[in-house]
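Open the model in your viewer and keep the selection box at hand. Each stop below gives a selection and says what is there.

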Amino acid sequence: MHALAARGWAAYALDLRGYGESERDASGWNTPDRAAADLLAALDLIREREGAAPDLLGWSYGALVSQLAVQRRPDAARKLVLYGYPRDPAARTKPATTPAEPGPPARARNTAAAARSDFITPGSIPEAAIAAFVEASLAADPVRADWRSVEQFAALDPEAVTIPTLVIHGVGDPIARPSWQAALFSGLGVDERQWVVLAGADHAAHLERPAAFRRALLAFLDDRAEATAAAATATASEVRP
């Protein structure tokens with residue numbers, strides 16, 4: 001977010017229900033459909049504030065929610081970044097014929113072990129940085145969010161994604177399996193797409209290889225530099241001695 005802000009972008013981070021400073025609703029649960037609707041509402045608010053459709057980056061479960069949102073409203077975002085995508089695009093989980101009435105959510109306590117579980121590749125990040133991440137994670141989310149009706153993710157369809165898309169992940173990410181990324185990328189319903197694999201990183205590639213992650217992200221998002229260069233060339237060609 002600092003890198004984006006330094007280049008003149010307004011950067012927003014959304015806490016879905018049950019995460020960070022966003023409260024749960026009365027049910028105590030979040031669902032894919034509810035999360036996608038909340039994300040679309042946030043994107044509309046940002047468009048109103050900033051005067052243009054924002055770019056959207058979703059990490060891990062957030063990548064699934066982001067895809068679901070732009071499938072339903074392609075105009076809600078300008079470009080899409082699917083980072084650490086944790087699902088087989090061919091999966092089509094169906095709900096039970098007679099779904100059980102959900103009980104109370106578990107509201108399980110977060111743990112240091114869970115917070116550090118994304119750091120897998122040895123030597124990819126200093127221990128002090130992991131400890132700082134764990135401390136911040138436990139402070140922001142002392143209780144884990146609860147999801148139900150995850151079969152709603154069965155609506156995900158790469159072909160229904162029609163805005164420019166970047167697929168990005170660490171080469172050692174066990175959650176974003178290479179075969180899933182390949183199916184996701186090849187199935188996207190848009191010609192303007194990129195696939196970036198970051199060496200020496202896993203599910204937290206943006207913290208393990210921040211410079212490489214920023215380069216890939218900014219190269220995909222920032223087409224303003226190309227527009228500026230084209231304008232400068234056009235201006236220079238009109239200069240007469």
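**Stop 1: the core.** This is a predicted model. Begin with its largest nonpolar core, which has 27 residues. Select L56, V65, L80, Y85 and F153: these touch the most other members. Now colour α2 (32–50), α3 and β2, the elements that give two or more residues to this core. The most comes from α3, with six residues.

**Stop 2: L56.** Centre on L56 and show its contacts, leaving out neighbours within four places in sequence. You should find L39, L43, S66, V70, A77, K79, L80 and V81. Apart from the largest core lies another one, of 15 residues. Select V81, A205, A216 and F220, which are among its members. As background, nonpolar side chains in soluble globular proteins tend to be buried together.

**Stop 3: helix α6.** Select residues 178–187 to get α6. Which residues of this helix are buried? They are W180, Q181 and L184. Look down the axis: these residues cover an arc of only 100°, which puts them on the same side of α6. Turn to the other side of α6, where P178 and S186 are exposed. Then add the partners of the buried residues: α3 (61–72), β2 (80–83), β3 (165–170) and β4 (193–198).

**Stop 4: H203.** Move to the loop between β4 and α7 (205–208), where H203 lies. Is H203 buried or exposed? H203 counts as buried because its relative accessibility is 2%, below the 20% cut-off.

Show the side chains around H203. Two polar contacts are worth drawing:

- H203 to S60, side chain to side chain, at 2.9 Å
- H203 to D173, side chain to side chain, at 2.7 Å

Next, expand to everything H203 touches, not counting residues up to four places away in sequence. The set is W59, S60, Y83, G84, D118, D173, I175 and E208. Add S117 and draw a C-alpha to C-alpha distance from H203: it reads 9.2 Å. Along the chain, H203 and S117 are 86 residues apart.

**Stop 5: confidence.** Finish by colouring on pLDDT. The mean for the protein is 90, and 89% of its residues reach 70 or more. Select residues 227–241, where the pLDDT is below 50. Beyond near neighbours in sequence, this stretch has zero contacts in the model. Where pLDDT is low, the predicted coordinates should not be read in detail.

Note on methods:
Residues numbered from 1 in each chain as written. Predicted model: local features only at pLDDT ≥ 70, side-chain atom pairs only at ≥ 80, totals over all residues. Heavy atoms only, no water. Buried < 20%, exposed > 50% of the residue type's maximum accessible area, 1.4 Å probe, protein only. Helix = DSSP H or I, 4+ residues; strand = E, 2+ residues; numbered from the N terminus. Arc of directions from axis to C-beta. Contact = heavy atoms within 4.5 Å. Core = buried A, V, L, I, M, F, W, Y, C linked by side-chain atoms within 4.5 Å. pLDDT = per-residue confidence, 0-100. Polar contact = N/O pair within 3.5 Å; in protein donor to acceptor, adjacent residues only side chain to side chain.
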